[in-house]
Amino acid sequence: MKSGTSNGYFGQALKRVEDPRLIKGIATYVDDLRLPGLLHAAILRSPHAHARILGVKTEAAKNLPGVAGVFTGTDINPACGLVPCASSMPGLKAPRHTMLAGDRVYFVGHPVVVVVAASPAIARDALDLIEVDYDSLPAVTNPEKALEKDSPLTHPDQGTNVAFTWLLANGDVDGLFAQADRVIKQRIVHQRLTPMAIEPRGCVASYHAGEGSLTLWTSTQIPHLLRTLLPGVIGVAENKIRIITPEVGGGFGSKLDLYVEEAMCSHLAMRLGSPVKWIEGRRENAMSTIHGRDQIGDYELAVKNDGTVLAIKARTIADIGSYLQLLTPTIPTLTGLMICGCYKLKAVRFELTGVYTNKMATDAYRGAGRPEATYAIERLMDLAAAELGLDPAKIRQKNFPKPGEFPFQTATGLMYDSGNYQRALKKAQELARWDALLRQREQARQAGRLFGIGLSTYVEICGLGPSKIMAAGGWEWGCVRLEMSGKVTVITGTTPHGQGQETSFAQIVGDRLGVPMEDIVVLRGDTASAHYGRDTYGSRATAVGGTALIMSVDKIIAKAKILAGALLGASAKKIDFRNGRFWVKGKPKNAIDWKRLGQEAYEAKNLPANLEPGLEASSFFEPKNCTYPFGTHIVAVEVERETGDVKIVKYVAVDDCGPQVNPLLVEGQVQGGIAHSLGQVLFERTVYDENGQLLTGEFTDYPMPRARDIPEYVIGSTVTPSPSNPMGVKGVGEAGTIGANPAIANAVMDALAPLGIRHLDLPLLPEKLWRAIEEKTAGRKMKKPRSQS
Amino acid sequence: MKTSVNIRVNGTSRTHDVEPRLLLVHFLRDLCGLTGTHVGCETTICGACTVLLNGQAVKACTILAVQADGGEVTTIEGLASNGRLHPVQEAFWECHGLQCGFCTPGMILASVELLQHNPRPSREQITHAIDGNLCRCTGYSHIIDAVQSAAKKMARPEKAK
């Protein structure tokens, strides 16, 4: 089933439909909402990583003029349920995740008291009047020490810091390691990161006492999952909850959760009889919105001398923080599932231990477990190439499945849908002018400069996904309605928040219906219009949500043919449809358009017997498999010896996300994704000190890429359609972040290789590089550095 | 104790009695109803709240409304004239210089200020001018393209039709 291309929108780099309101400053984000009688919530958070609460004095705050209420855990927790986690991992130990702290706090930022007041300023003033008496307890901050017998405990009542263990073992790992000529070993620390969407979280809850219903506006990626989950927390039935996501100022996985504040504002709106708004501050965002990554892995790769890779082993620890958010335990399992990368490994053993520490919870952050996998396997491939004296591109090619071997079953049990890894690598090498780049490196090295080339051939998992692998279902829903006027309303169950599906979905539907894009409106992010949806994450919206729309369009066309046939005096079988027009075969001059059909369908005077009025269809698309985008990134860097500064000299990205609905939006996703990797590789890290104090609580301490850090890209693509959906699209939201990390890091390590530096953990901050360079060059500084091939 | 502040916002005189601690960004958002100016950090780092104060790009989250008394402010809502987008707005649209749009008003105003005093900026000059503006979505490349494209548009204004 190929998409109809009567308007030729599919594949065009069209500018976005959603932009005018955004560039004029007249779009509505959650903080822009104004409701009559609106109250404002502010939250007092724990300054301790671990402490017993001995007492809370709230009288002074309650007496401040303008304060509507001050609530502690004792007031709120008994009236609410717990924050849900979707994981059903066997043996998972889950602490009771209440709205506010009970008699203990477990991380810096743990909500202790909530104040509701007439203005945000009064609410904040009231926080200063609250006294909390804490008895500080030892904090658990190092996940490896947390596993030692005498370690303090994050949750003393659980008797252990182990949250879960998970094992993925397939194939004859020990036998293959015994056959290996060499075993490449490397310990890798995947540092903790803070997502830092520029719009912090926030919500407004409004309770309608007459109907007993609740409306929650919230800056989230998952209005539909919230509607499913919130009843269990606040006691309002699913069919009396409406969730609206106005504009959402960036998510990157950090808004893929039911957070305490959303449930608590809902509860308080009911309790106080007034709408309640809460807007997160940046410091709050850094401490109480989920973090990402944070794994330590000991990896071993079994290889033959000719470069054939046989099997991989990993023992990993995931520092998951103090509580479980929606997908906390699931994320590091994705690392295990993708640990084979693009290579024909025959066996795998991935041992994972999730560890509680007195920190904010980790959860999905752009890439969500896959960047760790790609980074690990791509570092190992480079280390293997170096040890065996092989070309890093050739060792990769040697172990790729051939294009004819797809669908390709990996050692981890996944079925890669389609791929041509050779073609993406070749194209990237061409765009990078690979041979010239090698010569450039040789010349630079001869001149004593630290010049390196890095390669990453990645594959990732997207288009999530079949319902059997997703806790709450992996389908997507979409509705298409031809209005009486001939205009078209599209309703998607996905929740775009910057990705541009108001445009790309209009392109898809416009083509297939033969309707101009100007006549199409795409509605999203409101559970009253999109009754069902599984929302936006895992680069799934176009592959799964787009397909639900195509199914709906086809249902409308089928019905329209019956109606057109009745109006033209022929059976539906004899009706041709193209470019938005219906006619009896052989008589294209006597055609009916959508406008006429819309009118007839709703006026319903001339409908054939048994045909329902209206032209509207909705569909659930259940994918049979995920999609597996892939590509090659090539990076050249120069490291300054005197400062440790990294300069990106060349960046080539070739990504294959299948057919591209809108190449301009694809490019935006790729570039944005790469920037997240650039941050992870060069600057970003979330730091807690040994007492569990968060040291990266503001943008001042958490350096993110700025415009000056961005290289000029050479961007290319290949197109390998996915068999998992009719358009063949794969998804591109996370590809940049998954593919770029190892390419940049491998380039820096290649630059340092002549000095005998084998591996450094991220981020590769100038000081770290400078120290490593100093250590290796001390005592022979005056000598001209020896060049190496 | 409140104090009277008068600021000319997008060409309209606005007088309000405000607490001395009120930030300019809240004057604009809460008292003028101009919510296009966003708050991303309240520490002058992210630049989402950038507006033009007397022609200069400033972070409205760390200026008090009383400091802007008697001044002239242009916010994102005041940039288009007679229903026509400013060339920088047009260029951001054409070059896909925005995704979630939250940093966009500040990014556009910082770019407008740059082009006012440097009509033909180099890539380095552009990245320097928006160094105080964070974007987490686009990775900046399309923003840089947009500023370059806007500079070209402004150098050769469209002929009147």
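Here are four short exercises on the structure above, each with a worked solution.

This is a predicted model, in which local features need pLDDT of at least 70, side-chain atom pairs count only at pLDDT 80 or more, and totals for chains, interfaces and linings use all residues. Residues are numbered from 1 along each chain as its sequence is written, with chains lettered from A and ligands numbered from 1 in the order in which they are written.

**Exercise 1. Find what the mean pLDDT of chain A is, and where pLDDT stays under 50.**

Start with the scale: pLDDT is the predictor's confidence in each residue, from 0 to 100. For chain A the mean is 96, and 98% of its residues reach 70 or more. Next, look at residues 1-5 of chain A, where pLDDT stays under 50.

**Exercise 2. Work out how many residues of chain A are in contact with chain B, and which element gives the largest share.**

Count two residues as in contact if their C-beta atoms, placed from the backbone, lie within 7 Å. On that basis, 40 residues of chain A touch 42 residues of chain B. Helices (H or I, at least four residues) and strands (E, at least two) are DSSP runs, numbered from the N terminus. Two elements of chain A, α1 (19-23) and α18 (663-682), give two or more residues to this side. The largest share, seven residues, comes from α18(A).

**Exercise 3. Decide how the buried residues of helix α12 (residues 392-399) of chain A are arranged.**

Call a residue buried if 20 or more other C-beta atoms lie within 10 Å of its own, exposed if 12 or fewer, and partly exposed in between, with C-beta atoms placed from the backbone. In α12(A) the buried residues are A:Pro392, A:Ile395, A:Arg396 and A:Asn399. Now look down the helix axis: these residues fall within an arc of 100° (taken over the directions from the axis to the C-beta atoms), so they line one face of the helix. Their cover includes β14 (309-321), α11 (370-388), α13 (421-432) and β18 (450-459) of chain A.

**Exercise 4. Describe the surroundings of strand β26 (residues 630-639) of chain A.**

First check burial: 10 of the 10 residues are buried, so the strand is largely enclosed by the rest of the structure. Then find its partners, given that two strands pair if DSSP finds at least two bridges between them. β18(A) runs antiparallel to β26(A), joined by 10 bridges, and A:Leu455 stands opposite A:Ile634. β27 (residues 646-656) of chain A is also antiparallel to β26(A), again with 10 bridges. Here A:Glu638 stands opposite A:Lys647. Finally, inspect the hairpin of β26(A) and β27(A): six residues lie between the strands, and A:Gly644 in the turn has a positive phi of about 75°.
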